[in-house]
Amino acid sequence: MTSDVKNQKFSTLFDWFDQDHDGQLTEGDLRATAKVFAQVARDEDHTNVHAIHTAFEQWWQLLLQHADTNRDGQVSRQEFITTMEASVTTPQHFESAVMAIADAVMNAADTDTDGVLSRDEYIRLYEALGVAPEHSGPAFAILDLDGDGVISHDEYRTAIVDFYLSDDPEAPGNYLLGPINQPT
Ligand SMILES: [Ca+2]
Ligand SMILES: [Ca+2]
Ligand SMILES: [Ca+2]
């Protein structure tokens, strides 16, 4: 059973992915989402742009395989939420489906390639995704668990794991996409 907290998080994620806002996810939505994430990369950073597109394609195939039971190439909100919980975030899929995107996005956002996300890099990433600095600024402070002023790869991965796997309404990673109940 999906907890209310996870339900809300996955529902927020659905709204992010449903780029044409028709209430169904399609391959086109996922491609468009990958493009939005890829915008954060430097112009010459073909490696991470390619990694982002490949990772979203894998996620979509996984969704199709597990969620699209009537094989019409569309995934509804409820199918998405159920499948995220039951398949995508299980140990055998989490690294390949979720962490592959997370790693590629972090590498793309780390535009000075020093291996960590500065506050500016983080805010720039979220601006590309349509999240205003008044949300991403406070989120940065929460996700910077050791308070050293940068988000390390470990802190970033911890946030991703919290976001997808934690039922705790206070988990720091819940702030990954801004407020969970972000109006859409
Ligand atoms: Ca759609
Ligand atoms: Ca950096
Ligand atoms: Ca830190």
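At 44% relative accessibility, D112 counts as partly exposed, and D114, with a relative accessible area of 47%, is partly exposed too. Here buried means under 20% relative accessible area, exposed means over 50%, and partly exposed is anything in between (1.4 Å probe, protein chains only). A word on the ground rules: this is a predicted model, where local features need pLDDT of at least 70, side-chain atom pairs count only at pLDDT 80 or more, and totals for chains, interfaces and linings use all residues. Residues are numbered from 1 along each chain as its sequence is written, chains are lettered from A and ligands numbered from 1 in the order in which they are written, and side-chain values use heavy atoms, with hydrogens and water left out.

Back to those aspartates. D112 and D114 help hold the calcium ion (ligand 2), whose protein donors are D110 (OD), D112 (OD), D114 (OD), V116 (O), E121 (OE) and E121 (OE), at 2.2 to 2.6 Å. Donors are N, O and S atoms within 2.8 Å of the metal (3.2 Å for Na, K and Ca); water is not among the atoms, so sites may look incomplete. Along the chain these donors follow the spacing D-x1-D-x1-D-x1-V-x4-E. The angles among the six donor atoms run from 53 to 157 degrees, and the site is irregular. That label is what remains when a site fits none of the set shapes: four donors are tetrahedral if all angles lie between 85 and 135 degrees, while four count as square planar and six as octahedral if opposite donors are over 155 degrees apart and all others between 65 and 115.

Next, the calcium ion (ligand 3). D144 (OD), D146 (OD), D148 (OD), V150 (O), E155 (OE) and E155 (OE) coordinate it at 2.2 to 2.5 Å, and the donor residues are spaced D-x1-D-x1-D-x1-V-x4-E. Why is this arrangement irregular? Because its six donor atoms subtend angles of 54 to 155 degrees. D144 is buried at 7% relative accessibility, whereas V150 is partly exposed at 22%.

The calcium ion (ligand 1) takes its protein donors from D18 (OD), D20 (OD), D22 (OD), Q24 (O), D29 (OD) and D29 (OD), 2.2 to 3.0 Å away. Their spacing reads D-x1-D-x1-D-x1-Q-x4-D. D20 is partly exposed at 46%, and so is D22 at 43%.

D29 also leads us inward: F17 touches it, along with L25, L30, T33, F56, W59 and F80, leaving aside residues up to four places away in sequence. (Contact means heavy atoms within 4.5 Å.) F17 belongs to the largest nonpolar core, which has 53 residues; L13, F17, L25, W59, F80, I160 and Y164 touch the most other members. Such a core is a set of buried Ala, Val, Leu, Ile, Met, Phe, Trp, Tyr and Cys residues joined through side-chain atoms within 4.5 Å. Its largest share, eleven residues, comes from α5. Helices (H or I, at least four residues) and strands (E, at least two) are DSSP runs, numbered from the N terminus.

Finally, look at two helices. In α3, the buried residues are N48, I52, A55, F56, W59, W60, L62, L63 and A67. They cover an arc of only 160 degrees around the axis, which puts them on the same side of α3; the arc is that of the directions from the helix axis to the C-beta atoms. On the other side, H46, T47, H50 and Q65 are exposed. In α4, the buried residues are F80, I81, T83, M84, S87 and V88, and they pack against α1, β1 (24-25), α3, β2 (75-76), α5 and α8.
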